[in-house]
Amino acid sequence: MTDPFASSDASLIFDESLAFADVEPGEDQRWSTWPAITPSERGPEPWPDWVVTSAGALDTELGVLKTGKEADVFLIERAVPDSPGARTLLAAKRYRSPEHRSFHRSGAYTEGRKVTDTRAGRAIASKSAFGREVAAAEWSFAEFDALSRMWELGAPVPYPVQVNGTEVLMEFIGTDATAAPRLAQVRGDRAALTDWYRQIVELMHIFAGAGYAHGDLSPYNLLVHDDRVRVIDLPQIVDIISNPQGLDLLHRDCVNVCTWFTRHRVECDAEELFAELMAASYG
């Protein structure tokens, strides 16, 4: 993301110089949660220079970007007061507890996953209040881990800034405070559409080469920003081998993508694409 307020000034990292008594969070504000989380809950290093790591930063909620079946996404500005160079926009994805979701097919994606924390596993199984909270956080950490893994592999995903409980903070894809449109919303000539399809095939190869399928790929979770395609919504990422439905979900991704592009007069074959990705996953 290119942010006009971004800065590479190393002095901004972990700046403790602000006198907190002189600043109080206002309405729809909080102190940055960055200092309170552990290193494992922060994005892959090296951190992009637009990431604001100052302990004196405030998070200001600017509005809702998207409401979904399992989570809502909000626009957040993280900024150090009176420091124009330490300011960035972030997307905050907040997962709901299971009883407040309208997404009921999660089991297809979580088959084959292991909950390494046995206490957490027992809590989820018990469906207690703590278990419901753990279940919501399980999805946020799954998305953070998937974004981190794919970012490190070079896939065009938003940079995952941090995860904290049921909230994932990630790179905001857009211009100023306007979010990038979904592929389903954009109109392009045949040359542009053909290039976008090529980019999507490339990102699917990155996923498959690492042994994964997006699992729910469609024109609604592919963004187009500055003619570059970015893929979002990764909590349901599936291991093609360990998940019994992994190959079916990979095939569905291929069908979803090719159906949309065929409708827009771009030549593609879902079965051929599936075969390519299968070869990449076993290569």
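Start by selecting Leu153, which sits in the loop between helix H3 (129–152) and strand S5 (160–164). Helices (H or I, at least four residues) and strands (E, at least two) are DSSP runs, numbered from the N terminus. This is a predicted model, in which local features need pLDDT of at least 70 and side-chain atom pairs count only at pLDDT 80 or more, while totals for chains, interfaces and linings use all residues. Residues are numbered from 1 along each chain as its sequence is written, and side-chain values use heavy atoms, with hydrogens and water left out.

Is Leu153 buried or exposed? With a relative accessible area of 45%, Leu153 is partly exposed; buried means under 20% relative accessible area, exposed over 50%, and partly exposed in between (1.4 Å probe, protein chains only). Now add Ile206 and Ala210: Leu153 touches both, not counting residues up to four places away in sequence. Contact here means heavy atoms within 4.5 Å. Try Gly209 too, as its C-alpha atom is separated by 9.8 Å from that of Leu153, although the two are 56 residues apart along the chain.

Next, colour helix H4 (residues 190–209), which gives nine residues to the largest nonpolar core, the most of any contributor. That core has 49 residues. A nonpolar core is a set of buried Ala, Val, Leu, Ile, Met, Phe, Trp, Tyr and Cys residues joined through side-chain atoms within 4.5 Å. Select Phe261, one of the residues with the most contacts inside this core. Leaving out residues up to four places away in sequence, Phe261 touches Leu183, Leu193, Trp196, Tyr197, Ile200, Val266 and Cys268. A second, separate core of ten residues includes Trp34, Phe74, Leu90 and Val161.

Now move to strand S4 (residues 87–95). Seven of its nine residues are buried, so S4 is largely enclosed by the rest of the structure. Which strands pair with S4? Strand S3 (residues 71–79) runs antiparallel to S4 and is joined to it by nine bridges; strand S6 (residues 167–171) also pairs with S4 in the antiparallel sense, over five bridges. Two strands pair if DSSP finds at least two bridges between them. To see single bridges, select Val73 with Lys93, then Arg94 with Glu167.

Finish at Thr60, in strand S2 (residues 58–67). Thr60 counts as buried because its relative accessibility is 15%. Beyond its neighbours within four places in sequence, Thr60 is in contact with Asp28, Gln29, Leu75, Ile76 and Glu77.
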